[in-house]
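Please take a look at the sequence and the structure below. A short report follows, with headings to guide a first reading.

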Amino acid sequence: FLFFILCYIIVLERCNMRLKDVLSGIEYEVINGNIDLDINDICYDSRMVSDGSLFVCLVGANSDGHDYIDMAIEKGASVIVLSKDIELDSDVAVIKVSDTRRTLSRLSINYYGNPGSELTMIGITGTKGKTTTASMIKNILEEDGKSTGIIGTLGVSFDDKHYDTVNTTPESLELQKYLREMVNDGVRYVVMEVSSQALKVGRVDGMMFDYGIFTNLTQDHIGENEHADMDEYVYCKSLLFSQCRRGIFNVDDIHYDDMIRNSTCDIYTYGKKNNANLIIDKIKLLRKEHFIGIELVTLGNVNDTFVVNTPGLFSAYNASSSIMVTYLIGCSISSIKNALAKVAVKGRVEIVPVSDKYSVIIDYAHNGVSMESILTTMRDYKPNRIVSLFGAGGNRSRDRRYDMGEVSGKYSDLTIITEDNSRFESVFDIMNDIETGIKKTNGKYIKIADRSDAIKYALDNAMEGDIILLLGKGHETYKDKDGVKTHYDEREVIKELIKK
């Protein structure tokens with residue numbers, strides 16, 4: 001019974017559309033058949049194909065959709081979109097394009113009626129700060145009475161709906177479907193994290209953003225199946241600003257000139273420099289019971305003082321970009337103030353109330369750069385001790401583990417080395433790699449393989465005035481070990497430990 005209901009819902013979500021209309025604005029060659037026919041779905045996974053589907057052959061790092069054409073045809077595909085020269089013994093329509101992934105984005109926009117054009121779209125790119133900035137903007141817009149959706153690392157959320165996603169920026173087909181659902185539900189503003197990988201492969205091709213935001217750029221995502229080098233990484237980030245009407249840039253970042261070099265948007269800036277449109281004038285650190293944040297004074301387009309419920313210098317930059325974009329949109333200053341004073345982002349410098357004598361913070365920092373950022377930030381608050389608890393991901397670069405160990409040894413008073421998502425590697429081998437890094441310093445450390453036991457040790461041995469940092473898991477609610485994912489939420493672990 002439930003199966004038939006599900007099928008009925010799926011059918012309702014689909015719509016019939018002429019193939020020639022779905023191909024509008026796309027360069028293509030008709031290899032077989034004709035384009036004067038209806039399609040009722042677009043798929044890039046052959047397992048999802050049904051009668052009347054258009055199947056797009058995506059070429060990925062681990063699989064090639066061209067290898068599944070026969071399966072798609074057997075399941076009822078009436079149109080195949082490909083980029084390779086393949087002879088087919090079938091009467092299905094065959095459309096050849098130069099790049100199937102970029103074409104998928106444009107096909108999806110057409111199929112779902114370009115929902116982004118009915119929304120105020122805000123795209124955010126940068127190495128750090130995307131998730132926090134997106135949450136700040138969403139909170140301000142909602143405080144100002146504007147119905148807002150968000151798409152990014154934490155998934156897709158709008159109204160009372162939430163969808164988990166695999167990528168920071170979803171594949172274009174799912175992205176356009178989410179946007180159409182938002183429009184239908186009455187959402188009018190969307191804040192979206194736009195990753196460099198999404199810009200590189202074309203998941204947002206054909207989209208136009210009303211506002212684009214650049215947070216900062218440091219070396220990351222360089223390697224196999226990511227970016228070939230730093231130059232490519234920088235270039236891909238900059239692509240957003242040829243797809244937006246107004247660009248809001250961190251003028252203090254060393255890559256500011258790279259970001260605006262090929263931009264086609266109106267330029268607005270924020271930062272400490274006196275020529276910024278929004279000047280970061282003064283930052284005051286604030287710490288009290290269950291609150292670690294800042295007081296921020298801005299000049300220029302907005303002359304005011306804001307209390308921000310996230311700590312450190314980087315929070316001043318995240319908040320400033322949020323103030324700038326929402327000011328341009330037309331939000332009231334009171335809405336901006338109210339939202340920033342209570343903003344909280346899951347897994348991003350997230351304070352967990354445990355004791356009025358010490359602070360416990362959960363953060364997603366999972367490499368040397370992000371760890372150094374949060375550790376130096378916490379040091380500015382002059383805690384009694386900084387206790388860092390973290391592991392490292394398995395089947396990933398060992399150099400990252402060495403860096404994390406060295407950074408923690410340098411900036412923490414005590415490091416608790418434990419597990420993270422070990423995947424198919426030995427937890428103990430990963431911990432030993434972290435230990436190799438920490439031994440380059442004089443930092444004190446202890447190794448506790450089970451993460452829950454490690455958290456218990458941290459809480460049992462906390463001293464007044466300590467800041468305890470649980471790093472690496474952040475927003476994640478699972479543990480990936482030996483290829484099996486099981487539920488694991490540090491908040492629940494802490495709650496259970498306090499209860500006991």
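Which residue of β16 does Tyr270 stand opposite? Tyr270 faces Leu278. The report returns to that pair below.

## The model and its confidence

This is a predicted model. The average pLDDT of the protein is 93. A score of at least 70 is reached by 95% of the residues.

Residues 1-13 have a pLDDT below 50. Beyond near neighbours in sequence, this stretch makes one contact in the model. Where pLDDT is low, the predicted coordinates should not be read in detail.

## The sheet of five strands

One open sheet has five strands. Their order is β2-β7-β6-β5-β4, and the pairing is mixed. The edges are β2 (29-32) and β4 (41-43), each paired on one side only. From one strand to the next, the twist averages 25 degrees.

Start at β2. This strand pairs with β7 (residues 93-96) in the antiparallel sense, over three bridges. Glu29 stands opposite Lys96 of β7. At the other edge is β4. Helix α4 (residues 100-111) lies across β4, β5 (53-56) and β6 (79-82). The helix runs at about 160 degrees to β4.

## The sheet of eleven strands

Another open sheet has eleven strands, again with mixed pairing. Read across, the order is β11-β10-β9-β12-β8-β13-β14-β15-β16-β17-β18. The edge strands β11 (161-163) and β18 (304-308) have a single partner each, so one side of each has no neighbour in the sheet. On average, neighbouring strands are turned by 20 degrees against each other, direction ignored.

Now back to the opening pair. Strand β15 (residues 266-271) and strand β16 (residues 278-288) run parallel and are joined by two bridges. Here Tyr270 stands opposite Leu278 in β16.

## Helices across the eleven strands

Helix α5 (residues 130-143) lies across several strands, including β8 (120-125), β9 (148-152) and β10 (155-158). It also lies across β12 (189-193), β13 (209-214) and β18. Its direction is about 170 degrees to β12.

Helix α10 (residues 313-329) lies across β8, β12, β13, β14 (244-250), β15, β16, β17 (291-300) and β18. The angle between α10 and β16 is about 125 degrees.

## Helices α12 and α13

The axes of α12 (residues 368-379) and α13 (residues 398-411) come within 9 Å. They cross at roughly 10 degrees. Angles under 35 degrees count as roughly parallel, so α12 is roughly parallel to α13.

From α12, the contact uses Gly368, Met371, Glu372, Leu375, Thr376 and Arg379. From α13 come Asp403, Met404, Val407, Ser408 and Tyr411. By class, this contact has five nonpolar, three polar and three charged residues.

## Helices α15 and α16

How are α15 and α16 oriented to each other? Helix α15 (residues 451-460) packs against helix α16 (residues 490-499) at an angle of about 55 degrees. Their axes are 10 Å apart. The two helices are therefore oblique to each other. Their crossing is right-handed.

Arg451, Ser452, Ile455, Lys456 and Leu459 supply the α15 side. They meet Glu490, Val493, Ile494 and Leu497 of α16. The residues of this contact divide into five nonpolar, one polar and three charged.

Key: Residues are numbered from 1 along each chain as its sequence is written. This is a predicted model: local features need pLDDT of at least 70, side-chain atom pairs count only at pLDDT 80 or more; totals for chains, interfaces and linings use all residues. Side-chain values use heavy atoms; hydrogens and water are left out. Axes are lines fitted to C-alpha atoms, for helices over the stretch in contact, and angles run from 0 to 180 degrees between N-to-C directions. Helices (H or I, at least four residues) and strands (E, at least two) are DSSP runs, numbered from the N terminus. Angles under 35 degrees count as roughly parallel, over 145 as roughly antiparallel, 65 to 115 as roughly perpendicular and the rest as oblique. Contact means heavy atoms within 4.5 Å. Ala, Val, Leu, Ile, Met, Phe, Trp, Tyr, Cys and Pro count as nonpolar, Asp, Glu, Lys and Arg as charged, and the others, Gly among them, as polar. Two strands pair if DSSP finds at least two bridges between them. pLDDT is the predictor's confidence in each residue, from 0 to 100. A crossing is left-handed if the near helix is turned anticlockwise from the far one by less than a right angle, and right-handed if clockwise.
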